[in-house]
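User: I would like to go through the cavities of this model and the reasons behind the labels. Please take them in turn.

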Amino acid sequence: MEHIVLTNGLKKSFKTQGKTVEAVRGVDLAVRRGEVFGFLGPNGAGKTTTLRMLTTLLTPDAGEATLAGCDLLKHPQRLRERIGYVSQAGGSDRGMSAWENLVLQGRLFGMNRHNAAAQAKALILAFDLEAIVDRKAATYSGGQRRRLDVALGMMHRPQLLFLDEPTTGLDPQNRARLWEEVRRLRDSGVTIFLTTHYLDEADALADRIAIMDQGKIEAEGSPRELKKQIAGDVVLLGLSADGAHNEKALELFSTQPYVREASYEQGHLRLYVHEGEATLPEILRLLDHAQIGLKTISLSQPTLDDVFLRQTGRSLQEA
Amino acid sequence: MSFFSNLQLYYVRKVKESLHNPGFLFMAVGTPLMYLLLFAPMLQHFTGMPGFTSGSVLNVFLPGVVVVIAVYGGLYVGFGLVDEIRQGIIERFRVTPTSRLALLLGSVLRDVSGVLVQTLLITLMAIPFGLKVYWGGFIIVMILLAIISALFAAFSYALALRLKSEDAIAPIIQGISLPIMLLAGFLLPMEMAPHWLQVAAHFNPVYYAVEASRALIGGQVNTPVVFQAFAVLLPVMALVFWWAIRSYKTAVA
Ligand SMILES: Nc1ncnc2c1ncn2[C@@H]1O[C@H](COP(=O)(O)OP(=O)(O)OP(=O)(O)O)[C@@H](O)[C@H]1O
Ligand SMILES: [Mg+2]
């Protein structure tokens, strides 16, 4: 399997006001050519910092990386020709129109006027920007501007494209559109490396994902593989009882043979079980017997959030 | 792609930005006009006083004003860069294979162009008011002004790149602009100042530019003040550019 991104022990810390923040603490990644690779993690996990190291914007404190056949530290200039980067902040110039932004971007990558114009036209169509193409970007809605940001990253047809939270701030319709565009790019041979907070986005869009938390990669694999590690189903019990009862319930279920794992958080008891349907009656009987009040009960397939929870002890939604 | 085509792209981008900004055009014409209409008339009474002995008072006053325009034309540009950093524009440019020096110089050259256009405008406007221009010297004044505005612009950009916040750069810029202006003798010649102030002025690079400009516009080209100005300003500019280029290469933007 050919890898388009290979990193080894990437580290970065920041010093601000006398305090040191270890933003990235040893990241090893292998991204395969032609896949959509998702970087999933809560705020402050170190996703952006990792991307900025990989795109030559930040010098790593330690570690090394090879991207698109270039050594990150030795040949940053050659690397810049081969990758595209759409930052979290955006990057489009608000004082210029979409058209001017796109053409300038193409020219900065050495395209001549004619090629830049042709590629700009194609992207304007793909991102549905025709209606606003000659207006200053300052007048665009958040979603329109985000689409322009992403189009800018694709102007020079990079073989590897980094997208830092490409869909944050988009409405569901535009989000779906962008997903489509990302898939189309992937099908045309571009490798996409994107970050997201959204579980469903990582699940739906990424061929493989890495879960990042507090500067470290906690798990890596395809969404299916990762969820399979959880094995079985998730039963969520909403308990009406007080603290003492919760302790008791946790203890009770932890020792049941069909429960692989049990945890308690915010009034909810979470059980990972084999064959959820078959165990539900047994769970209900046990609760009844121990006289523990039950408010709600639900049974579901494991999600990436369960994977995250298992790796980090926290839910991504609350992290 | 060559360095010069990079430079051209970045320069044209910034020039367009200026031309699209009605405020800039108003500043370019309005500032010189205000100096001429609202301040120059006050100087008529100085004729014959120390420093004002030669020719029209405007020949003393205007060279000072154009140096002020050059200093301010450079010093405040960092604020615009902070905004570009915040929008992610600079990051986007930094991951293109273009030269970072071209990115810096494109902006600096735009700022220099603006200053030179303003200088030309105010000089032409001052002629009906009695300014006597020696054009050979004026061209050398333009070169001096280009150096000064480039120097302060590069300084301001580097500061913005390192501090990334208007609140952080504002006090620094204001803090240095005031002594630089007061110790340059740009409104009133330093000859009128007490001795210790004149000594202090000699530590201010901009002072030499003002003195040289006065000599040059009046037609004294081959004089020590002119050589002194270049001898002081060129090394200062080299130093500032060295620092600015370093900032563009390494700063976290
Ligand atoms: N330039 C910087 N100076 C100081 N600290 C920084 C800097 N950049 C990032 N950090 C810190 O490093 C940590 C990781 O930040 P990073 O932006 O990489 O997170 P993230 O995973 O992208 O988060 P988000 O989802 O919110 O974008 C945070 O604690 C952040 O405060
Ligand atoms: Mg981020």
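User: How many residues line the largest cavity, and which lie nearest its centre?

Analyst: The model is predicted. In it, 19 residues line the largest cavity, and Tyr85(A), Gln105(A), Gly153(A), Arg92(B) and Val95(B) lie nearest its centre.

User: What makes a residue part of a cavity's lining?

Analyst: A lining residue has an atom within 4 Å of a cavity point. Tyr85(A) is one of the 19 residues lining the largest cavity, so it has such an atom.

User: Which elements give two or more residues to the lining of the largest cavity?

Analyst: From chain A they are β7 (83-86) and α5 (142-154), and from chain B α5 (89-94). The largest share, four residues, is that of β7(A).

User: How do the residues of that lining divide into nonpolar, polar and charged?

Analyst: There are six nonpolar, 10 polar and three charged residues. Gly counts as polar and Arg as charged, so Gly153(A) belongs to the polar group and Arg92(B) to the charged one.

User: How many cavities reach 30 Å³ or more?

Analyst: Three cavities do. The largest has a volume of about 100 Å³, and the second largest holds about 40 Å³.

User: Why are two residues in the lining of the second largest cavity called charged?

Analyst: That lining consists of Ala126(A), Phe127(A), Arg147(A), Asn174(A), Arg177(A) and Leu178(A). Arg counts as charged, so Arg147(A) and Arg177(A) are the two. Three others are nonpolar and one is polar. Helix α6 (172-187) of chain A gives the most to this lining, with three residues.

Notes: Residues are numbered from 1 along each chain as its sequence is written. Chains are lettered from A and ligands numbered from 1 in the order in which they are written. This is a predicted model: local features need pLDDT of at least 70, side-chain atom pairs count only at pLDDT 80 or more; totals for chains, interfaces and linings use all residues. Side-chain values use heavy atoms; hydrogens and water are left out. On a 1 Å grid over the protein atoms alone, a cavity is a set of points where a 1.4 Å probe fits but cannot get out, and a pocket is an open set with protein on both sides within 12 Å along at least five of seven lines; lining residues have an atom within 4 Å of a point. Grid points are joined across faces, edges and corners, and a volume is the space filled by probe spheres set on the points.
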